[in-house]
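Good morning, everyone. Please look at the screen while I talk you through one structure.

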Amino acid sequence: MIYQDLTIIFAVVFFYSIASKALERKPVNGALLFCLVGLAFGSYGLGWVQLDISTESIRLLAELALAVVLFTDAAQTNLKTLAQNIALPRSLLLYGLPMTIILGAFAGLLLFPSLPILEIVLLAALLAPTDAALGKAVVTDKHVPPTIRETLTVESGLNDGICVPIVFTVLAVALKSSEFESVSQLAATLFVKQIGMGIVIGISLAMITAKSIEYAHHKGWITRSWEQLIVVAIAICCFSVAQLSGGSGFIAAFVGGLTFGSMPMSENSTTYQKKLVFTAEGIGDTLALGTWIIFGASVVGKIFTEFSWQIFLYSLLSLTVVRMLPVFISLSGHKLSTYDKLFMGWFGPRGLASIVFTVIILDANLPNSPTLASIAVCTIALSVFLHGLSTHPLINRLGRAAQK
């Protein structure tokens with residue numbers, strides 16, 4: 001069966017690759033298409049793809065994909081534009097993110113009164129981060145104003161790392177591995193360690209590797225067959241070293257990408273650096289799409305076993321009111337049109353980070369882990385479908401509005 005699985009998966013990859021330019025202009029994006037293919041051919045569809053993959057393997061694949069995507073997106077960030085509009089992502093992270101978690105917890109208490117409050121907060125926290133990979137079409141489309149693109153890139157790059165200590169703190173308390181009196185101390189310790197170590201490791205590794213690449217390129221040591229793996233290796237090293245040190249690998253990957261992309265180099269080396277990042281971007285996209293086809297084949301179908309109107313309503317609220325209202329409020333003091341604020345609020349897709357957190361919750365074996373996982377999976381699946389279908393129409397409308 002493994003060869004049948006490989007045949008179907010890579011046949012889909014091949015046909016998507018040769019038609020990618022045409023497909024990117026259609027309402028159906030890569031994540032949605034691959035998720036649909038996985039669902040159609042998986043064990044809950046035709047049964048042609050039987051992926052016997054552990055939750056740990058899915059988590060690892062999602063983590064690696066997210067690390068590479070975060071690094072390459074950050075490396076292409078225009079720091080000049082970001083510096084001029086740093087107040088926007090700061091507002092989203094300092095005000096919008098906490099409000100999203102609070103509002104998500106409130107919605108959970110209303111719809112799932114039988115669940116413990118700590119597990120509701122855990123659900124809200126794991127669904128708060130936005131997905132850089134799933135939102136890639138928005139942050140790379142030139143029809144979207146640079147201000148919005150850079151803001152959403154920074155937000156999605158940092159909010160998953162910020163949510164890591166929140167998720168682990170609430171999980172520790174829910175498992176009763178910490179006394180209530182020490183919760184604030186535990187949260188502060190985790191927050192400082194996760195964020196601090198992630199930033200230090202990301203900057204350090206990016207600076208060292210960028211200078212190493214410049215020197216090796218100047219000496220002519222790098223062969224064409226190996227250059228495509230250089231940035232991928234840096235991104236995964238940033239992620240894994242930070243995780244190994246107790247920091248946030250996601251923060252390290254994003255900050256490392258920002259540092260790598262902004263390192264001063266000679267003109268020739270800068271052009272070469274951009275080429276390396278562009279090549280690595282394709283590998284990150286491939287890992288992300290691989291995650292989505294596995295997600296569709298082996299995970300999405302499971303939500304139907306515990307599906308209820310409460311789960312669907314919570315998922316819908318999580319993608320709309322719970323996300324959009326905090327974004328709108330947090331951006332109220334900035335000079336943006338109402339449509340710009342609604343656009344930024346809507347494009348907060350849930351994806352790889354939430355998959356990673358969901359697997360962690362399943363492994364923790366909380367009393368209601370299966371229910372929490374079902375809600376999270378339903379939200380992620382709904383996000384893939386709704387954001388996938390709405391991306392190009394809303395971008396085109398934003399572009400027309402910007403031209404007026």
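I will go through a cavity, a helix, some aromatic rings and four single residues.

One caution before we begin. This is a predicted model.

Let's start inside. How many cavities of 30 Å³ or more does the structure hold? Three. I'll take the second largest cavity, which has about 60 Å³ of space. Its lining includes Leu92, Leu93, Gly96, Leu97 and Thr100. Ala128, Glu155, Asn159, Arg323 and Val327 line it too. Now put those onto the helices. Three elements give two or more residues each to this lining: helix H6, residues 87-111, helix H9, residues 146-174, and helix H16, residues 321-330. Which of them gives the most? That is H6, with five residues. What about the chemistry of this lining? By class, five residues are nonpolar, three are polar and two are charged.

Next, one helix on its own. Find H12, residues 230-244. It has 15 residues. From the first C-alpha to the last, H12 reaches 21 Å. That is close to the 21 Å expected at 1.5 Å a residue. Which residues of H12 are buried? Near the start of the list come Ile230, Val231, Val232 and Ile234. Then we have Ala235, Cys238, Phe239 and Ala242. Keep one general point in mind as you look at that list. An α-helix has 3.6 residues a turn, so residues three or four places apart point the same way. Now step just past the end of H12. There, Gly246 takes a positive phi of about 90°.

On to the rings. A search of the whole structure finds seven aromatic pairs. One of them joins Phe343 and Phe347. How do we describe such a pair? We use the distance of the centres and the angle of the planes. For Phe343 and Phe347, the centres are 4.7 Å apart and the planes make an angle of 55°. That counts as tilted. Are these two rings' residues buried or exposed? Both Phe343 and Phe347 are buried. Add Tyr339, and the three form one aromatic cluster. There is also a charge over a ring to point out. The charged end of Lys341 sits over the ring of Phe328, 5.3 Å from its centre.

Last, four single residues, each with a partner elsewhere in the chain.

Asn78 is in the loop between helix H4, residues 55-75, and helix H5, residues 79-84. Why is Asn78 called partly exposed? Because its relative accessible area is 36%, and partly exposed runs from 20% to 50%. Its partner is Leu258, 180 residues away in sequence. In space, C-alpha to C-alpha, Asn78 and Leu258 are 9.2 Å apart.

Ala376 lies in helix H19, residues 369-403. Ala376 counts as buried because its relative accessibility is 0%, and the cut-off is under 20%. Thr358 is 18 residues from Ala376 along the chain. Their C-alpha atoms are separated by 6.8 Å.

Leu313 belongs to helix H15, residues 309-319. Its relative accessibility is 31%, so Leu313 counts as partly exposed. Leu313 and Ala107 are 206 residues apart in sequence, and 9.6 Å apart in space, C-alpha to C-alpha.

Thr209 sits in helix H10, residues 183-219. Is Thr209 buried or partly exposed? Partly exposed, because its relative accessibility is 22%, and buried needs under 20%. The partner here is Phe260, 51 residues from Thr209 along the chain. The two C-alpha atoms are separated by 8.2 Å.

That's my tour. Thank you.

Definitions and conventions:
Residues are numbered from 1 along each chain as its sequence is written. This is a predicted model: local features need pLDDT of at least 70, side-chain atom pairs count only at pLDDT 80 or more; totals for chains, interfaces and linings use all residues. Side-chain values use heavy atoms; hydrogens and water are left out. On a 1 Å grid over the protein atoms alone, a cavity is a set of points where a 1.4 Å probe fits but cannot get out, and a pocket is an open set with protein on both sides within 12 Å along at least five of seven lines; lining residues have an atom within 4 Å of a point. Grid points are joined across faces, edges and corners, and a volume is the space filled by probe spheres set on the points. Helices (H or I, at least four residues) and strands (E, at least two) are DSSP runs, numbered from the N terminus. Ala, Val, Leu, Ile, Met, Phe, Trp, Tyr, Cys and Pro count as nonpolar, Asp, Glu, Lys and Arg as charged, and the others, Gly among them, as polar. The expected span of a helix is 1.5 Å times one less than its number of residues. Buried means under 20% relative accessible area, exposed over 50%, partly exposed in between (1.4 Å probe, protein chains only). Rings of Phe, Tyr and Trp (its six-membered ring) pair if their centres lie within 6.5 Å; planes under 30 degrees apart count as stacked, over 60 as edge-to-face and the rest as tilted. A charge sits over a ring if NZ of Lys or CZ of Arg is within 6 Å of the ring centre and within 35 degrees of the ring normal.
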